[in-house]
Amino acid sequence: MTPPPAARTLDERIKDTCERFENDVDTWVSTASPDGTPYLVPLSFLWDGTTFLLSTVRTSPTGRNLVANPAVRLAFGTTRDVVLVEGTAAPIEEAALDSERANAFATRTGFDPREEKQEYLYFRVTPQRIQTWREANELVGRTVMRAGGWRV
């Protein structure tokens, strides 16, 4: 078995993380109902360099959960290239989202909630903590964002 590559520096991890946010289209979204029942679903997203924009049916488990409890976790990558984001979600009514942002979301994801018959909500997710690692040698120092600020 070949040894894993050397652990990335903090700057490399942040760069790789931002590239993933800019290039990936989908993420796993983890929420919990008011009674604590977990729910996991893949959703498309738009990253603006600061926050994520997601959209889901208002009455879906994810939509209901995020309205009741804004705590959310996003997961990107594979088990050997992980990015975990802990954040808070703020609902945005479809009519309240500016058309430029809604158009950017539709272009990026290939999906436009405004064209659907069901009622959708958008959610702006603000990251509070981000962790990233590839192998066990990157577990130390895996936190690249704390309290909403990138580590430097």
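**Exercise 1. Strand β4 and its partners**

Task: In β7, which residue is the bridge partner of S55? Then place β4 among the strands with which it pairs.

Solution.
Step 1. The bridge partner of S55 is Y122, in β7. The model examined here and below is a predicted one.
Step 2. This bridge belongs to the antiparallel pairing of β4 with β7, which extends over six bridges.
Step 3. β4 also pairs with β3 in the antiparallel sense, over two bridges. There W47 stands opposite F52 of β4.
Step 4. The hairpin of β3 and β4 has four residues between the strands, and G49 takes a positive phi near 100° in it.
Step 5. As to burial, six of the six residues of β4 are buried, so that the strand is mostly covered.

**Exercise 2. The two faces of β1**

Task: Which side chains of strand β1 (residues 26-32) point to the buried face, and which to the other?

Solution.
Step 1. In a regular strand, side chains alternate between the two faces of the sheet.
Step 2. β1 shows such an alternation: T27, V29 and T31 are buried and point to one face. D26, W28, S30 and A32 point to the other face and are not buried.
Step 3. Two of the buried residues can be followed into neighbouring strands. T31 stands opposite Y39 in β2, and V29 has L74 of β5 as its bridge partner.

**Exercise 3. Tracing the strand order**

Task: Which strands are linked to one another, starting from β2, and over how many bridges?

Solution.
Step 1. β2 and β1 run antiparallel and are joined by seven bridges. Their hairpin has five residues between the strands, and G36 within it takes a positive phi near 95°.
Step 2. β1 pairs in the antiparallel sense with strand β5 (residues 71-78), over three bridges.
Step 3. β5 pairs with strand β6 (residues 81-93), again antiparallel, over eight bridges. One of the contacts between these strands is the bridge of L74 to V85 in β6. The two strands form a hairpin with two residues between them.
Step 4. β6 pairs with β7 in the antiparallel sense over twelve bridges. Here E93 has L121 of β7 as its bridge partner.
Step 5. β7 leads on to β4 through six bridges, and β4 to β3 through two. The path is therefore β2, β1, β5, β6, β7, β4, β3.

**Exercise 4. The buried side of helix α3**

Task: Why do the buried residues of α3 line one face of the helix, and what covers them?

Solution.
Step 1. The buried residues of α3 (residues 99-109) are R101, A102, F105, A106 and T109.
Step 2. Viewed down the axis of α3, these residues fall within an arc of 135°, so they line one face.
Step 3. An α-helix has 3.6 residues a turn, so residues three or four places apart point the same way.
Step 4. The face turned away from the buried side carries the exposed residues E100 and T107.
Step 5. The cover of the buried residues includes β2 (38-44), β3 (46-47), β4 (52-57) and β7 (120-133).
Step 6. After α3 comes G110, whose phi is positive, near 75°.

**Exercise 5. Aromatic rings and charges**

Task: How many aromatic pairs are there, and is the pair of F21 and F52 stacked or edge-to-face?

Solution.
Step 1. The count comes to nine aromatic pairs.
Step 2. F21 and F52 are 4.9 Å apart, centre to centre, with 80° between the planes. Planes over 60 degrees apart count as edge-to-face, so this pair is edge-to-face.
Step 3. The pair links distant parts of the chain: F21 lies in helix α1 (residues 10-23) and F52 in strand β4, 31 residues apart.
Step 4. F21 counts as buried because its relative accessibility is 0%; F52 counts as buried because its value is also 0%.
Step 5. F111 and Y120 form a tilted pair, at 5.5 Å centre to centre and 55° between the planes. F111 is partly exposed, at 24% relative accessible area, while Y120 is buried, at 11%.
Step 6. Ring pairs link F21, F45, W47, F52 and F76 into a cluster. The charged end of R108 sits over the ring of F45, 5.8 Å from its centre.
Step 7. R142 lies over the face of W133, at 5.9 Å from the ring centre.

Methods:
Residues are numbered from 1 along each chain as its sequence is written. This is a predicted model: local features need pLDDT of at least 70, side-chain atom pairs count only at pLDDT 80 or more; totals for chains, interfaces and linings use all residues. Side-chain values use heavy atoms; hydrogens and water are left out. Buried means under 20% relative accessible area, exposed over 50%, partly exposed in between (1.4 Å probe, protein chains only). The arc is that of the directions from the helix axis to the C-beta atoms. Contact means heavy atoms within 4.5 Å. Rings of Phe, Tyr and Trp (its six-membered ring) pair if their centres lie within 6.5 Å; planes under 30 degrees apart count as stacked, over 60 as edge-to-face and the rest as tilted. A charge sits over a ring if NZ of Lys or CZ of Arg is within 6 Å of the ring centre and within 35 degrees of the ring normal.
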